[in-house]
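Work through these short exercises on helix packing and sheet layout. Each task is followed by its solution.

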Number of protein chains: 2
Amino acid sequence: MSRKRATSHEVAKRAGVSRTTVSFVLNNVEANISKETRQRVLQAAKELDYVPDAAARMLASRQTRTLGLVIFDAIHLQVDAFISKVLYSLTEVSREHDFRVIVEAVEDLGRDDAYLSLVQAKQIDGLIVLNPRSDDSQLPRLIDEGFPLVLVGKIKHPGAYCVYHKSAVREAVTHLISLGHERIAHITYAPIAYRSADSRLRNYRRALAEAGINADEKLIRYGNYTAQSGYEAMNSLLAAKLRPTAVFAGNDTIAIGAMSAIHRHGLRIPEDIAIVGYDDIPVAPFTIPPLSTVRTPALMQGRLAGEMLIKLLQGEKPARPQIMLETELLIRESCGAKLADSQLNRVLS
Amino acid sequence: MSRKRATSHEVAKRAGVSRTTVSFVLNNVEANISKETRQRVLQAAKELDYVPDAAARMLASRQTRTLGLVIFDAIHLQVDAFISKVLYSLTEVSREHDFRVIVEAVEDLGRDDAYLSLVQAKQIDGLIVLNPRSDDSQLPRLIDEGFPLVLVGKIKHPGAYCVYHKSAVREAVTHLISLGHERIAHITYAPIAYRSADSRLRNYRRALAEAGINADEKLIRYGNYTAQSGYEAMNSLLAAKLRPTAVFAGNDTIAIGAMSAIHRHGLRIPEDIAIVGYDDIPVAPFTIPPLSTVRTPALMQGRLAGEMLIKLLQGEKPARPQIMLETELLIRESCGAKLADSQLNRVLS
DNA sequence: TTGAAAGCGCTAACAA
DNA sequence: TTGTTAGCGCTTTCAA
């Protein structure tokens with residue numbers, strides 16, 4: 001603040017060269033500059049504690065070296081570790097490549113133009129879009145215009161660059177079915193306007209259908225992003241005439257709320273009701289009993305998306321425009337598979 | 001990308017005025033501009049889909065309308081909901097005041113100049129610093145220079161603007177003591193270089209000392225940011241000759257790891273070992289048994305810090321440069337207070 | 001009430 | 001190998 005910062009002009013004067021030379025040296029331009037001159041410039045810059053003015057540089061060079069991270073339904077940021085992880089790995093990648101990150105939290109689609117103005121004002125070079133929503137009309141337009149943009153997640157758009165993970169919902173539900181369950185409930189972890197909550201719901205239905213099981217709509221509950229909503233949803237499920245024998249929870253937070261409800265009803269997990277979550281939050285292995293869940297490659301998604309975007313900005317076309325990462329169903333104790341195993345062993349031995 | 005954006009010059013031409021007038025109208029400058037002219041300018045801007053170039057505006061106006069959020073020990077971002085909450089509320093405040101947020105994650109103090117270059121390059125107008133570290137030498141300097149900066153947390157520096165919360169460690173530990181515990185263990189939730197982990201440890205020692213209890217160093221364990229470390233620390237505590245009767249965990253994630261270990265040892269919570277956490281993460285009310293913990297005003301801290309910084313940037317001096325927010329000890333079941341109550345009731349009735 | 005003109009600090013084509 | 005020069009698109013003082 002206080003002390004006025006040096007300009008490239010002053011550096012040039014001190015080094016006895018022109019501003020052009022200063023610019024070339026500091027930007028490592030391929031112009032042949034003698035080692036000696038280069039040394040002198042570097043020295044002068046250091047002595048004056050010179051750091052180029054970002055705004056001036058952006059204006060002149062027409063690039064900002066800044067990435068925008070657009071977070072849809074940002075309220076989930078408070079509880080959804082997936083978002084934080086993507087942010088974390090994106091800041092890492094950005095640092096490695098000397099980029100900055102502007103976070104643009106989008107609250108509701110009504111006012112979704114905040115992130116648009118970021119590109120219109122040319123304040124960023126490219127965008128990472130987290131939890132993209134299919135009902136967002138701006139996104140496809142941006143993509144069609146060829147604006148550098150990588151999705152973490154997926155929308156139906158052929159030309160979109162994206163890094164998503166394979167849904168393991170089917171695996172999770174099928175696993176429950178293989179354990180003998182037919183009355184499998186589902187609790188969403190957000191209103192279904194939230195795209196990935198919706199997709200989990202749809203995949204749940206599909207898995208059931210594939211197994212020839214009639215999805216009973218009475219076994220579906222809609223949670224929000226709180227554990228409390230999982231708790232309440234489970235209570236309502238337990239109050240019904242025909243109880244589920246298993247629950248596929250939209251995420252781990254919901255699962256933990258549900259487990260608490262089951263426990264309070266005096267029922268055992270997994271003997272009376274089996275449960276599987278999603279996300280593998282840090283505490284999942286330590287719930288009582290340990291929660292079977294699906295591990296999601298959040299960090300890797302953030303990293304790959306960042307790298308893809310930066311590659312795009314450098315004018316390279318990424319080898320694979322759409323990257324699908326694997327997910328992993330982690331079988332712990334809440335689903336009852338291990339229990340089933342040990343019973344089986346007992347019978348066999 | 002594709003289509004070239006309109007400049008203020010074109011807007012001026014279309015509206016039949018000068019660029020000055022366009023600038024005045026769009027920035028609501030107090031120059032008396034006729035309603036009619038203003039209308040025409042607005043109309044032209046709209047027709048051309050004009051959005052001022054951010055870099056040019058920054059360069060000319062000498063302000064960026066961008067805030068920097070510096071996150072120390074950013075690896076915690078993945079698991080520490082406190083950070084995400086502050087980020088969330090800061091993006092909210094920023095949006096309300098038409099500011100952007102650049103997130104600068106600081107990994108280790110060695111390379112802490114990344115956020116410094118943000119201010120040197122004048123890429124931001126002010127800084128919010130999350131989890132400031134006392135051993136960071138740059139921070140005091142920045143503050144002394146009068147750079148607009150608000151801490152979320154605290155360091156020992158008289159002139160610093162900050163929003164922190166009252167430690168409730170003492171309350172938590174004292175509560176455990178009042179329940180009759182003397183062998184109270186502590187597990188940190190991060191290496192003690194992490195300032196707030198260290199402060200929790202120190203306050204734990206102080207609370208014990210105040211109650212005339214000799215802090216037994218053998219009852220202290222150092223966790224990292226994982227639940228796993230809490231699990232392991234608890235196991236090591238349980239393996240010792242003299243077991244603790246209560247645990248004050250550095251945060252809820254640690255607490256949940258510890259609870260799992262206690263459970264696996266066949267011990268009951270809180271009857272055999274009582275436990276109190278810190279942070280009140282979303283699942284805390286739903287652990288088995290529900291976790292007693294301390295609720296922290298993360299969202300409010302982010303909001304107040306943001307508002308304070310923006311006020312500072314507007315040249316106003318905030319009424320209170322240092323704001324301390326209250327925290328709340330939430331007594332649920334893991335600490336045994338309710339159990340004690342009910343036993344008491346039984347005796348009395 | 002509006003316009004002319006001088007920067008803001010840098011990059012980069014072109015010339016030397 | 002280095003310097004001259006012309007912008008980049010906007011704000012803002014000053015004059016009209």
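**Exercise 1.** Find which residues of H2(A) and H3(A) meet.

Solution. On the H2(A) side, take A:Thr21, A:Val22, A:Val25 and A:Leu26. They meet A:Thr37, A:Arg38, A:Val41 and A:Leu42 in H3(A). Contact means heavy atoms within 4.5 Å. Sort these residues by type: five are nonpolar, two polar and one charged.

The model is predicted: local features need pLDDT of at least 70, side-chain atom pairs count only at pLDDT 80 or more, and totals for chains, interfaces and linings use all residues. Residues are numbered from 1 along each chain as its sequence is written, chains are lettered from A and ligands numbered from 1 in the order written, and side-chain values use heavy atoms, without hydrogens and water.

**Exercise 2.** Determine how the axes of H2 and H3 of chain A cross.

Solution. Helix H2 spans residues 19–26 and helix H3 residues 35–47 of chain A. Their axes come within 10 Å and cross at roughly 90 degrees. H2(A) and H3(A) are therefore roughly perpendicular (65 to 115 degrees).

**Exercise 3.** Lay out the open sheet of chain A.

Solution. Write the order of the four strands: S7-S6-S8-S9, with parallel pairing. Strands pair if DSSP finds at least two bridges between them. Mark the edges: S7 (220–222) and S9 (274–276) of chain A each pair on one side only. Neighbouring strands are turned by 15 degrees against each other on average, direction ignored.

**Exercise 4.** Examine the pairing of S6 with S8 in chain A, then add the helix on the sheet.

Solution. Four bridges join S6 (residues 184–188) to S8 (residues 246–249) of chain A. In one of them, A:Ile187 partners A:Ala249. Helix H10 (residues 227–239) of chain A packs on the sheet and touches S6, S7 and S8. The direction of H10 makes about 150 degrees with that of S6(A).

Methods
Axes fitted to C-alpha atoms, helices over the stretch in contact; angles between N-to-C directions. Helix = DSSP H or I, 4+ residues; strand = E, 2+ residues; numbered from the N terminus. Parallel < 35°, antiparallel > 145°, perpendicular 65-115°, else oblique. Nonpolar A, V, L, I, M, F, W, Y, C, P; charged D, E, K, R; others polar.
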